[in-house]
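Student: I would like to know how the labels used for a protein follow from its computed values. Can we go through them one at a time?

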Amino acid sequence: AAKEKEEQQIQALQAKLAAKREERQRTESNVKEEERRRAMAAQLLMKDSRAVEKKKFAQMEMAAENTVLAAQNSRLRSRQVQRAISANEAGKRETNLNSAQRKLQSARALSDEINEGKKELLTREEAHD
């Protein structure tokens, strides 16, 4: 009977040990799972922060590019306006030059006609003499 009681106590102690071992293993497993979840959450946060940082950088780059493009477009528009003004002024100068040349040609033609008329008169007068 004592041997049986001792056997039961040993079995009871072994059952308690097994239960404590299982409890410890569950606790360790839970701790490891929680650590794994925290690590995953930290990685996700890191990825999110990198993605946010990349997005901010991309937006800053795009803003810088837009500023450069706006400046280039402004310079192009300014050049186009200057070219148009220059072409208009050149056209006016051309028109004024052509007008002056026509006036000069008209004056020469008139002068030539007058000289021709004088020559004819001189020739007629000489013919009458």
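Tutor: Start with charges: Lys and Arg count as positive, and Asp and Glu as negative. This is a predicted model. By that count the protein has 28 positive and 22 negative charges, and their mean positions are 10 Å apart.

Student: What is the secondary structure of the protein?

Tutor: The protein has one helix and zero strands. Helix H1 covers residues 2–128.

Student: How do you know that the protein is not a compact globule?

Tutor: Set the two radii of gyration side by side. A compact globule of 129 residues would come out near 14 Å, but the protein has 54 Å. The box filled by the C-alpha atoms, roughly 185 × 15 × 5 Å along the principal axes, describes the shape as well.

Student: What share of the residues counts as buried?

Tutor: Buried means under 20% relative accessible area. Of the 129 residues, 0% count as buried. The accessible surface comes to about 12200 Å², and 54% of that surface belongs to carbon and sulfur atoms.

Student: Why is the contact between glutamate 33 and arginine 36 called a salt bridge?

Tutor: The cut-off is 4 Å between a side-chain nitrogen of Lys or Arg and a carboxyl oxygen of Asp or Glu. Glutamate 33 and arginine 36 have an N to O distance of 2.7 Å, so the pair fits the definition. The two residues are three apart in helix H1, and are therefore separated by about one helical turn.

Student: What makes glutamate 33 partly exposed?

Tutor: Partly exposed lies between the limits of 20% and 50%. Glutamate 33 has a relative accessible area of 27%, so partly exposed is the label. Arginine 36, at 45%, is partly exposed too.

Student: How do you know that arginine 37 and glutamate 34 form a salt bridge?

Tutor: Their N to O distance is given as 4.0 Å, and the definition asks for within 4 Å. The pair is listed as a salt bridge. Both residues lie in helix H1, three residues apart, about one turn of the helix. Arginine 37 has 49% relative accessible area and is partly exposed; glutamate 34, at 33%, is partly exposed as well.

Student: Where does glutamate 120 find its salt-bridge partner?

Tutor: The partner is arginine 124, with the closest N and O atoms 3.6 Å apart. These two are four residues apart in helix H1, about one helical turn. Elsewhere, salt bridges that share partners join Glu33, Glu34, Arg36 and Arg37 into one network.

Student: How many salt bridges does the structure hold?

Tutor: The structure holds five.

Key: Residues are numbered from 1 along each chain as its sequence is written. This is a predicted model: local features need pLDDT of at least 70, side-chain atom pairs count only at pLDDT 80 or more; totals for chains, interfaces and linings use all residues. Side-chain values use heavy atoms; hydrogens and water are left out. Buried means under 20% relative accessible area, exposed over 50%, partly exposed in between (1.4 Å probe, protein chains only). The radius of gyration is taken over C-alpha atoms; the globule rule is 2.2 Å times the number of residues to the power 0.38. Accessible areas come from the Shrake-Rupley method with a 1.4 Å probe; for residues, only the protein chains shown count as cover. The place of a charge is taken as NZ of Lys, CZ of Arg, CG of Asp or CD of Glu.
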